[in-house]
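Got your viewer open? Load the model, and let's walk through it one selection at a time.

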Amino acid sequence: MSDKQQSIIGAGVPRIDGPDKLSGRANYAADNLPPNLAYGYGVFSTVASGKVSQLSVDEARNMPGVIDIFHHGHFPTLYHTPSSLAQGNKVEETRLPFEDERVYYEGQFVALVVADTFENARAAARRVKVTYSADKAVANLEQGLEANGTRAGSGNHERGDAASAFDSAATTIDVTYRTPVETHNPMEMHASTAWWDNGDLTIFDASQGVVVAKGALSKIFAMPPERITVHAPYIGSGFGSKLWTWPHAIATAAASRELRRPVQLVVPRQQMFTTTGHRPETRQRLRLATDDNGKLVSLRHESINTTSFTDQYVETCGSVTKSLYSCPNLTVSHETTQVNRGTPTSMRAPGAAPGLFALESAIDEMADAAGVDPVQFRLDNYAERDESKDLDFSSNHIVEATKRAAERFGWADRNPKIGSMREGREIVGYGMAACNWEALKMACDARVSIRADGTAFASCATQDIGTGTYTIVAQTVSDVTGIPIDRITVKLGDSSYPDGPVSGGSWATATTLPAIAGAARNALDEMKRYATGSNGAFAGVSGEELEVANGGLRNADGRQVSFAEILEAGRYGSADGEAHTEAADSKYSYRSFGAHFVEVRWDPGISHLRVARVVSAIDVGKVINETTARNQVEGAVVMGIGMGLFEATEYDERNARPVNNDYAEYVVPVHADQPEIDVILLDYPDLAFNEYGARGIGEIGVTGLAAAVANAVHHATGKRIRELPITLDKLMDDVPQARSA
Ligand code: MOS
């Protein structure tokens, strides 16, 4: 391999799927319009708890174009899935659509109208008459605790004796933080287009995991997985909401089978707030203590999150707390409480995003109490090894990340006195926080072919959810084979390709690339066998003697023959390779690290708050594509600003109905809210983790950001906001505080 070829790993190669996306050729789930397509539209519960007492379809049935109306009394029998990720059949809402007459949350499917057009289906759906016997709904976390108490969650950890260390410590804090429900708002709507052909199911679904979707549907329809194909060639992002199969996809496939024609269903934006998951509400109590030297001696992180009445989803807020700081006495616990909301799910950096808001705010409060600069406090307390697993980190550059970001940001210029830094009418606040995410790597299969026309083809049943997976797969094939990027075709998002991972947990890169590289090497070995065969271009030469050069093979004497000529000589159409790679071992604790520094500007005259500047230094191992990696962190920073300042799905505390479930009233950052973002990528390959040393970069950027904002707000205003989002009313004096749900 020449230096030029090696440098393709890490290069800012433009997205190979860019032209298809920009030209509209990219095919999303709802873009599939097979002949004879019928359209589904949901009827959604208008109460959050109770029972459908009567459902009348007479009027709707006579509306133009209506084909059928499904509901509890008229729906085929389906089967439960064990919902196991290990078995590859996980769903998040385990209740089957229309399984009973119960209503567990507002916006739950209670009927499905199928008609000849989308408009006719929607019009008829509005004529389905549903009466409910409503029960008193449990509307929020506090009501859940009162009505149902808590259930033990998972991911707990205990070492030492946190309680007695706290009681005898020099300095302590005991603080409680709250985070609201946040809702994923991918641009692409959740949608499914399904059809059956001789008992085989084909479904285009907005899915971050086609293989697991196939496994789940195989359980639900009680049919062999090989008779199901799930397609998701393009996804307009998902942020976790598209990890697992939701009721609408199941209902669409079932309706299509009943009606013997293709059916498409798009989940309306308002129901994307109810029936396709959300980040749950959390309440987190942090108790920290330091000794006289400002060293942490006790740390307790107790978290409760809301879940649905049908499923237990645990938001593991303490996941990072176990290992980020060195502390001999530590407790992490998770509990859940049931409320009348749909089942929550992973939302970008699940657990860590709300967890690090609390932890990294508390660390700031602790530093304050101990009288130590917050950067210094962290440097003094960062763990050198994973004390929760009693393992070394495979690679950890958090100290360097913190110092480099501090320097780039200009932390040394910070006057620690509250509200002391002014510019014109504005008060400037500086805050920072650490960020952290577990690095994961799953088992993976992949296939690569080198073809007679000099092109290469790679396939894997993972997905590109908008993050650049197509491009980094092409980079990997190019790296191994020397074939230029523009001659490489990559196919993803089809469950009939070799089994690939869910695009989630920031694990797709570390999981997929080694399998692709292995498959490419195996294809080269096949090529060498062809070349050295009796009629081959290098007949009689040993395969070991051959090396890859300029789109072909070269022997020790420098004679070079192109792949095309080698294949032609042996009359082979292609040289193919497959590979299987295993999940990560547990020799080390594999994690990614970083630090965010944030400048906020607070104008007390007009109560205006904005994030002006962010510097983030991120240590995710080897960066595979400089451009897409930077883009991931920038996007995550913006998402963190949304979490810090704006995002909250509000529920009416009287009836548990979401009240701002649309793009107009669920506030997300817009262009005017964008700060200057400066991303430092440390780029230290983590070769204990995989051959490329990449740990994945999707989620880490959102962790810690909201805490850095809150810490900067405290520096500017003196107000310690412990409940997200940091809305202006919380910063204004003499404004009565409405407690949000
Ligand atoms: Mo991510 S929340 O694993 O899509």
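Start by selecting A222: this residue follows helix 7, and its phi is positive, near 45°. Keep in mind that you are looking at a predicted model.

Now step back along the chain and select residues 210-220, which form helix 7. Is this helix mostly buried or exposed? Ten of its eleven residues are buried, so helix 7 is largely enclosed by the rest of the structure. Colour the buried ones to see them: V210, V211, V212, A213, K214, G215, A216, L217, S218 and I220. Next, find out what is doing the covering. Show strand 11 (200-205), strand 12 (228-231) and helix 8 (247-259), which are among the parts that cover those buried residues.

Next stop: a pair of helices. Select helix 9 (residues 352-370) together with helix 16 (residues 705-717). Their axes come within 8 Å and cross at roughly 35°. Helix 9 passes helix 16 in a right-handed crossing. Which residues make the contact? On helix 9, pick L356, F357, E360, S361, D364 and D368; on helix 16, pick A706, A707, A710, N711 and H714. Colour them by class and you get a mix: five nonpolar, three polar and three charged residues. While you have the side chains on, here's a handy bit of background: an α-helix has 3.6 residues a turn, so residues three or four places apart point the same way.

Now for another pair. Select helix 13 (residues 508-532) and helix 14 (residues 563-570), whose axes are 9 Å apart and pack at an angle of about 55°. That angle makes helix 13 oblique to helix 14. Here the crossing of helix 13 past helix 14 is left-handed. Show the side chains of L524, M527, Y530 and A531 from helix 13, then F563, I566 and L567 from helix 14, and you have the contact. What classes do the residues of this contact divide into? Seven are nonpolar, with no polar and no charged residues.

Finally, clear your selections and zoom out to the protein chain, which has 16 helices and 28 strands. Its radius of gyration is 27 Å, close to the 27 Å that the globule rule gives for 741 residues, so the chain is as compact as a globular protein of that length. Turn it around: along its principal axes, the C-alpha trace spans about 85 × 70 × 50 Å. Colour by burial, and buried residues make up 62% of the 741. As a last look, take the contacts between residues at least 6 apart in sequence: 80% of them join residues at least 24 apart.

Technical notes: Residues are numbered from 1 along each chain as its sequence is written. Side-chain values use heavy atoms; hydrogens and water are left out. Axes are lines fitted to C-alpha atoms, for helices over the stretch in contact, and angles run from 0 to 180 degrees between N-to-C directions. Helices (H or I, at least four residues) and strands (E, at least two) are DSSP runs, numbered from the N terminus. Angles under 35 degrees count as roughly parallel, over 145 as roughly antiparallel, 65 to 115 as roughly perpendicular and the rest as oblique. A crossing is left-handed if the near helix is turned anticlockwise from the far one by less than a right angle, and right-handed if clockwise. Contact means heavy atoms within 4.5 Å. Ala, Val, Leu, Ile, Met, Phe, Trp, Tyr, Cys and Pro count as nonpolar, Asp, Glu, Lys and Arg as charged, and the others, Gly among them, as polar. The radius of gyration is taken over C-alpha atoms; the globule rule is 2.2 Å times the number of residues to the power 0.38. Buried means under 20% relative accessible area, exposed over 50%, partly exposed in between (1.4 Å probe, protein chains only).
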